[in-house]
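Me: Could you take a close look at one part for me, the salt bridges? I'd like one connected walk through them, with a bit of the surrounding fold where it helps.

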Amino acid sequence: QVQLVESGGGLVQAGASLRLTCAASGQAFYSMGWFRQAPGKERAFVAVINWAGTLTYYADSVKGRFTISRDNAKNKGYLQMESLKPEDTAVYYCAARRGPLTTRAGEYDYWGQGTQVTVSS
């Protein structure tokens with residue numbers, strides 16, 4: 001069992017930065033992903049990192065602006081977001097699964113409650 005709690009969201013202007021944190025407890029050896037859901041849209045993949053932190057994968061829309069990382073000693077994962085755009089506005093969720101990297105939300109076993117990110121123009 002894995003429990004996930006996101007934090008770090010907020011209201012920022014376009015071009016600003018934010019760092020989201022996902023605090024995890026419970027089962028170890030999991031891949032961690034970040035997803036986001038804008039109003040009226042489906043939940044979309046953002047980034048994923050493997051347990052060792054050696055493999056990452058990003059959605060094209062955030063590549064070069066967002067960086068996913070993790071600190072297993074602290075049981076935390078991070079999503080550093082730079083050069084934020086209004087279209088990045090969404091509720092951001094972290095998710096975990098015991099298995100290889102995947103971009104498919106349906107393949108994750110555990111989810112946090114989400115944190116709101118709002119980017120004004």
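Reply: Lys63 is partly exposed, at 47% relative accessible area. (Buried means under 20% relative accessible area, exposed over 50%, and partly exposed in between, using a 1.4 Å probe and protein chains only.) Its salt-bridge partner is Asp60, with N and O 3.1 Å apart, and Asp60 is exposed at 64%. By salt bridge I mean a side-chain nitrogen of Lys or Arg within 4 Å of a carboxyl oxygen of Asp or Glu.

Before going on, a word on what you're looking at. This is a predicted model, where local features need pLDDT of at least 70 and side-chain atom pairs count only at pLDDT 80 or more, while totals for chains, interfaces and linings use all residues. Residues are numbered from 1 along each chain as its sequence is written, and side-chain values use heavy atoms, with hydrogens and water left out.

Searching the whole structure turns up 4 salt bridges. Another one joins Arg104 to Glu107, with the closest N and O atoms 3.4 Å apart. Arg104 is exposed, at 56% relative accessibility, and Glu107 is partly exposed at 30%.

Now for a buried pair. Asp88 and Arg36 meet through their side chains at 2.9 Å, N to O. Arg36 sits in strand E4 (residues 31–37) and Asp88 in the loop between E8 and strand E9 (90–97), so this pair ties together parts that are 52 residues apart in sequence. Asp88 is buried, with a relative accessible area of just 1%, and Arg36 is buried too, at 12%. Arg65 comes into the picture as well: Arg36, Arg65 and Asp88 are linked in a network of salt bridges.

Since that loop follows E8, here is where E8 belongs. Helices (H or I, at least four residues) and strands (E, at least two) are DSSP runs numbered from the N terminus, and two strands pair if DSSP finds at least two bridges between them. On that basis, 4 strands make an open antiparallel sheet in the order E1-E3-E8-E7. E1 (2–7) and E7 (66–71) are the edge strands with a single partner each, so one side of each has no neighbour in the sheet. E8 (residues 76–81) pairs with E3 (residues 18–26) in the antiparallel sense over 6 bridges. One residue to find there is Cys22, whose bridge partner in E8 is Gly77.
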